[in-house]
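Biologist: I am new to this structure. Could you walk me through it?

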Amino acid sequence: MKKLIYDIINKLNGQDIQFGDVRFTSTDSQTIFFEKKNLKHISKTTDAEALGIRVLVNGCWGFAGTDVVDVTKVDSLINLALSNAKHSARFRHTPVKFKAIKPTVGSYYFRPEEDPFLMSDEEKIEYFQNIAIKLNQNPSIIHSYVHTNFYRQYKVYANTEGTFVDTLVYDTMPSMSVLAANKNGMQQRTWPGHMSTRRGGFEVVRAAKLEENIDKIVKEVIDLLDAPTIQEEKADLIIGGGHLALQIHESVGHATEADRILGMEISYAGKTFIKPKMLGNFKYGSEHVNIYSDSTDPRGIGYHLVDDEGVPGRRVDIIKNGILMDQQTSREIAPQLKLEASSNMLASFADDFPLVRMTNFCLAPGKAGSLEDLIKSTERGYYIDFTKTWSIDDNRNNFQFTTEIGYKIVDGEIVGIVKEPTYFGITPEFWGACDAVCSESEWVFHGTSNCGKGEPGQAMHLSHGVAPARFKNIVCNVKA
Amino acid sequence: MQEQLKIFLKKIIADNKGYKYIFNHSSWRTDFLRFYQSQVNYNISKNSEQLWVTLYKGQKSLSFAISDPDEKKLNNKLTESYALIDNLPADKDFVDIEADPTKTEEKAKVDNTIELSLEDKIVILQKFADVAAKHAFKIFGTFICNYEVSTIINSNGVNKVSYNSPIMLEIKGVADKNMVTILESLGGEQLSSLNFDAALTSFEKKLIAGQAEVVDLDPGHYEVVLAPRCIGEYLSYLGSSFGASALDRKSSFFEGKENKQIFPKNITVYDDPHDSELVNFDYNGEGRKIEKLMLIENGVFKNYLVDNYYGNKLGLPVNGNDGSCLVLKTGDKSLDQMISTVKKGIYISSLHYMNFINVKETSLTGLTRDGTFLIENGKITKVVNNLRFTEKISSIIENIVEIENSSVVVPNSSNYGAFSISSSKMPHVKVSKFHISSSTKTI
């Protein structure tokens, strides 16, 4: 395959173009899904190949992609990309400017501790069937699932500047869920939560401790049925890492994707309340809030040698001591904002067009000690976790989230639970209310394999490193 | 699908009677233009060929997918699958795969990726850009043509081909001075029936409305007029309760409400995959021919969407519909009449980022987008910052007091998983009481 990529680059170098790049991906995935005690679905896709060619001609992008990778059709794919660029340039008043960068050549092959694609399917099924049966032993459980996805992608990226990089990565998403219902309604508990994808193989499943947490989620979902809701108009909230990862994702991560500033995502994903003039001076949060994008950390899913336009992995401070400093950018967008490209241009598969995407987008640890310490230092409030509902506006300014469960805190002790804790906030006000972030010991990567953006839509794999944090006086009594 | 592959699939079925097979083949391409600030962002040409295979042995099953399928790849996968399937646990609720032999006329459709060229699209977009510029707006959006040929072959004799070639234009006008956004869209499968000139006229009318003063609204309950795409989206979200799988999970709002009056008598909703104005689907994913299905008739809940599996499991009649062609029956008021009787209310053009808080109760939250307007004394007077609502869909429908006397086709692109375009046909509706829970303070 590398030879084919070299050949395409050579052909592109022979064309009258400003820039061209080629990507090839071969993706394997497997889904195992138990509904109640039944194996409802086991599916596998292996060696799903895709090829994409992007060219910049007359200041305009053209792209052609295919999942039918046929050496004899490469010329027509190149011509289609060129034709798209040339014709589209007629409706382009501001040509794309693209500064050359130094090429990168290299390889990165992640090796999981337990390769799920080398394990027998029988072994994996037996493992998850055991969980599925145990989830259903309590008669109050009316529905359950165990859902696991294994993913492996080999990628080659090359461009006309001389960059040539190939990578192999593994990601795994384990999850389980139980539903219970009574006259008060229906409640759900999941484990390990909404952002359960991690870099790795079957060892990620074992680390999730599914079996060890069955009794906990079964008890909690039954207790939730008769639990009260939050009654206070406002309360102090400690947000656990799993849900805080989503809070960062929605209200900071997407908000600081610079393509939104320029309106490139207005048609689907939306805009951002951030304006270029805010960079370097806008108070996005309290002094406890330090947020960065770091595609150089191999512990996270967002690690890479180069992004999908050849920019080497970078760590960029997005918010420093509460002040908005930088953005996630592309080579096209960064100079328009007087920034350096942040290595955030990525596509899900080779036949997708790259977009500004989060990589490892993290909240730096604070000094509040352990989660236990933070709870002890909270007079009254709620510790909430496990995402249930999330919604944020077109500008990433107004959000409302609901978690599956909240633990009521009085005088530093957990005294009970509440169901469907729902809170609302305006992004900078909310982050401004952050008065404590737990220390390094509580800081871990959470991840998703399903961050949607772009048209045609792409689901991206990415990570958020976080530790639990506390937010003061948050509106939390919102009901339909 | 190439004839050679089709013959091979039939031979597999004939030679292996101890197994049952479902072969779903799709050959698909798109020409996808994205534009922003009245210029091209990028144009994507993309093609895909996929074969999805589900293999059954009694009540045991597994699935796999092959890109760019050929006989060798398929044989390798099947060999691996035969070795595994005996060791899988059985699904005791599974009875049989689809056996409906009924076919529609297999007529190839015009390939709109060719019929509507990139050059043609740019000519159309330039007209919208020019009108927008006249009012100090720029255009942003997507102009999409797809073409897909789907073939389904199974061991119960199903052998069907369907064609799909939707066109979708979604165009937003964004004001240079304050980013007030308005939205126009049109779509369908017949290029000749798409009235771009009428859309341009409607677009300009919205641009003019979008130049009004921008105000904020306090949380509270308001009388609202919902644009067709909004009520279409609420009904689409209610699809999570229409499905028989939701009934099985005990998470359907309609559980225990079958054949009961649950909404006002003016509410009639059905799924009509053969409505000529909509993007049509002849068969569902299992190969069953789907027909018009009444979901809510004069406010009475009539039918779940029932596929083969859940029909067998729950003892419900199978219809195969999936709610991808929803139609809300029109009422007796013009849009002007509906607005004219609102003393203080809101016109909502589009919705954004909805998510259920409690799916069984149909409670959800979400936001307005792309044109929220204040109605005062029967007239649209101002632009309103985007608003958050926290509501039950059931309450919204219960509070529908007026329905427009005409409807429009609302195209919708599905952006997660396989990319597809579907559509619904919806009129405006007036809702007497609608809960705004907060303002975004932004446009």
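Modeller: We will take the chains in turn, then the domains and a sheet.

Modeller: This is a predicted model: local features need pLDDT of at least 70, side-chain atom pairs count only at pLDDT 80 or more, and totals for chains, interfaces and linings use all residues. Residues are numbered from 1 along each chain as its sequence is written, while chains are lettered from A and ligands numbered from 1 in the order in which they are written.

Biologist: How many helices and strands does chain A have?

Modeller: Helices (H or I, at least four residues) and strands (E, at least two) are DSSP runs, numbered from the N terminus. Chain A has 9 helices and 23 strands. Chain B has 10 helices and 21 strands.

Biologist: What does the radius of gyration say about chain A?

Modeller: The radius is taken over C-alpha atoms, and the globule rule is 2.2 Å times the number of residues to the power 0.38. For 480 residues the rule gives a value near 23 Å, and chain A has 23 Å, so the two agree. The C-alpha trace of chain A spans about 70 × 55 × 40 Å along its principal axes.

Biologist: What share of each chain is buried?

Modeller: A residue is buried if 20 or more other C-beta atoms lie within 10 Å of its own, exposed if 12 or fewer, and partly exposed in between, with C-beta atoms placed from the backbone. In chain A, 59% of the 480 residues are buried. In chain B, the share is 53% of 443 residues.

Biologist: Where are the domains of chain B?

Modeller: Domain bounds come from an automatic or database domain assignment. Domain 1 of chain B covers 3–209, and domain 2 covers 214–439. Their C-alpha centres lie 23 Å apart. Two residues are in contact if their C-beta atoms, placed from the backbone, lie within 7 Å. Domain 1 of chain B gives 33 residues to the contact, and domain 2 of chain B gives 29. On the domain 1 side, S7(B) provides the largest share, 6 residues.

Biologist: Which strands stand at the edges of the open sheet in chain A?

Modeller: Strands of a sheet pair through backbone hydrogen bonds, either parallel or antiparallel. Two strands pair if DSSP finds at least two bridges between them. Here 4 strands of chain A run in the order S12-S11-S10-S15, with antiparallel pairing. S12 (323–324) and S15 (361–363) of chain A are at the edges, each with a single partner strand, so one side of each has no neighbour in the sheet. S10 (291–294) of chain A pairs with S15(A) over 3 bridges. Within S15(A), Cys362(A) is the bridge partner of Tyr292(A).
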